[in-house]
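Visitor: I have just opened this structure and would like to learn how to read it. Could you take me through it step by step?

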Amino acid sequence: MQSNNYNMASKNFLTIEEVADTLSVTRQTVSKYIREKELNAVRINKNYRIPYKDFENFINRNTTVSDVETIYLKKSRNCLLGYEGRVDENEILNYRVNGAFQENEINHQLRYNKFISGDNFSVLKHLLPNIQEKVDLIYIDPPFGTGQDYVNINNDLAYNDTLVNHEFLEFMRKRLMLLRKCLSDQGSIYLHIDKKLGHYVKIIMDEVFGYNNFINDITRIKCNPKNFARNAYGNYSDMILFYVKNRDLNIFNDIKEPLSEEEVNNFFPKVHSRLGKYTTNPLHAPGITIDGDTGQEWNGLKPPKGRHWRYSREELTRLDMEGLIEWSETGNPRKMVFAKDHKGKKVQDVWEFKDKGLSYVNYPTQKNHDLLKRIILNSSNEGSLVLDCFAGSGGTLLVANRLRRQWIGIDNSLKSLEAIKENFSKAKVKCNYFSFVSFD
Ligand SMILES: C[S@@+](CC[C@H](N)C(=O)[O-])C[C@H]1O[C@@H](n2cnc3c(N)ncnc32)[C@H](O)[C@@H]1O
């Protein structure tokens, strides 16, 4: 019997079948464990359910570390990333940080809309009692483990990105564990990362948030195509990993994108003098209706063989009266569909949002605000709490504020604080400023 880092997807109860399947035993064996009080079960809606915590304790009492990991990997379809210096999850969550928040500038009386200067692990530890399960959206853009220093246009050091390899991965894992605690049941997290590290971070996010809660790996086109002399393809994209706390419960507003001019011209090649660009679609669809209205003759026409009218005959007459049916020279009717009524297109997982060059912004690696707008509009609602604990120039907070979300920003760079103050003052954003003071 040993301690372990067993961490299955966030689930409160398991069915008897799930337990049997995970342990590779029969349902009867699980029932025997319950009867003999080795395993606790509760009755929910006439069925027995095993509280997840009790199942975890049962596993801990009866298995070794390697058994637990095998079960974990089988059940969750996860891989665990092995590297030097991995700390046990319980140790991370129970670690105590001594310190307190210091008020530096109070500009409003709202609960959130604040920026806290300090190391985000310590700050999150101290914020957690207030924001646990309250955050609907987290966007983070951490340093990418490049080993470089990042300077602003005046050559002042904004931050250094010195943690590399396994140290970077463990740095991120610890913060992700705390961030998971912050997410509400309908919450989402978007993590911006480059492609050198992103695939390792994906495995860590699978561990922390659950493989099943992975939603998208978004390819973000970040700059113009590169034409360098290296023996390689130009790399003009990075990645955004999108996970949720609970698949199917997450806020997703599915905001459609308008068609481009080229798409409008391709899809709607004809022009109506009053209603603008349009195309035509058949009025019939495959399949026959034997007795129904849509299989009957309309305007002297039967639907073609093996097909039926898409609309009732009454609706067809209404469309025709309103001039919304186009008749070909051979007497074939088609429905007119107008570009102005198009609902927009579903957003896919390749996004083009190029960042501005250093000479146009007051902080290095500042991310495109339209990119943030898309994320915030889709994965939060008005009034939602949005968190960015690698806030940099404060773009996430600024856009969240404009979209009437509540927000919290954290960063440990003095230049970040300066950039945020300048950007908020220009945009007239009211923010309360704090810093975290460590007692250690
Ligand atoms: C890539 S930049 C973020 C840029 C930001 N997305 C923007 O649009 O301006 C990463 C930020 O993480 C901050 N950072 C790095 N380690 C941190 C830590 N341990 N605690 C708080 N902030 C940290 C850096 O100071 C830097 O501002």
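**Domains, sheets and helices**

Guide: Let us start with the overall layout: the centres of domain 1 and domain 3, taken over C-alpha atoms, are 58 Å apart. Domain bounds here come from an automatic or database domain assignment. This is a predicted model, where local features need pLDDT of at least 70 and side-chain atom pairs count only at pLDDT 80 or more, while totals for chains, interfaces and linings use all residues. Residues are numbered from 1 along each chain as its sequence is written, and side-chain values use heavy atoms, with hydrogens and water left out.

Visitor: Which residues does the assignment give to domain 1, domain 2 and domain 3?

Guide: Domain 1 covers 13-76, domain 2 joins 92-254 + 357-438, and domain 3 covers 261-341.

Visitor: How should I read a packed pair of helices, such as helix 1 and helix 2?

Guide: Two packed helices are described by the angle between their axes and the distance between the axes. Helices (H or I, at least four residues) and strands (E, at least two) are DSSP runs, numbered from the N terminus. Axes are lines fitted to C-alpha atoms, for helices over the stretch in contact, and angles run from 0 to 180 degrees between N-to-C directions. Helix 1 (residues 16-23) and helix 2 (residues 27-35) have axes 9 Å apart and an angle of about 105°. That makes the two helices roughly perpendicular (65 to 115 degrees; under 35 is roughly parallel, over 145 roughly antiparallel, the rest oblique).

Visitor: Which residues in helix 1 meet helix 2?

Guide: Contact means heavy atoms within 4.5 Å. I16, E17, V19, A20 and L23 from helix 1 meet R27, V30, Y33 and I34 from helix 2. Seven of the contact residues are nonpolar, none is polar and two are charged (Ala, Val, Leu, Ile, Met, Phe, Trp, Tyr, Cys and Pro count as nonpolar, Asp, Glu, Lys and Arg as charged, and the others, Gly among them, as polar).

Visitor: Now the sheets, please. In what order do the ten strands of the open sheet come?

Guide: Two strands pair if DSSP finds at least two bridges between them. Here the order is 4-21-5-20-19-6-9-11-10-18, with mixed pairing. Strand 4 (99-105) and strand 18 (350-352) are the edge strands, each pairing on one side only. From one strand to the next, the twist averages 20°. Helix 6 (residues 120-131) packs on this sheet, and its direction makes about 155° with that of strand 20 (406-411).

Visitor: What can I look at within strand 5?

Guide: Follow its side chains: K114 and I116 point one way, F115 and S117 the other way, and all are buried (under 20% relative accessible area; exposed is over 50%, partly exposed in between, with a 1.4 Å probe and protein chains only). Strand 5 pairs in the parallel sense with strand 20 over four bridges, and I116 stands opposite I410 there. Four bridges also join strand 5 to strand 21, again running parallel, and K114 has N432 as its bridge partner in strand 21.

Visitor: What is the order of the open sheet of four strands?

Guide: The order is 12-13-17-16, and the pairing is antiparallel. Strand 12 (270-272) and strand 16 (325-327) stand at the edges with a single partner strand each, so one side of each has no neighbour in the sheet. Neighbouring strands are turned by 50° against each other on average, direction ignored. Strand 16 is joined to strand 17 (residues 333-338) by three bridges, and P333 in strand 17 is the bridge partner of W327.
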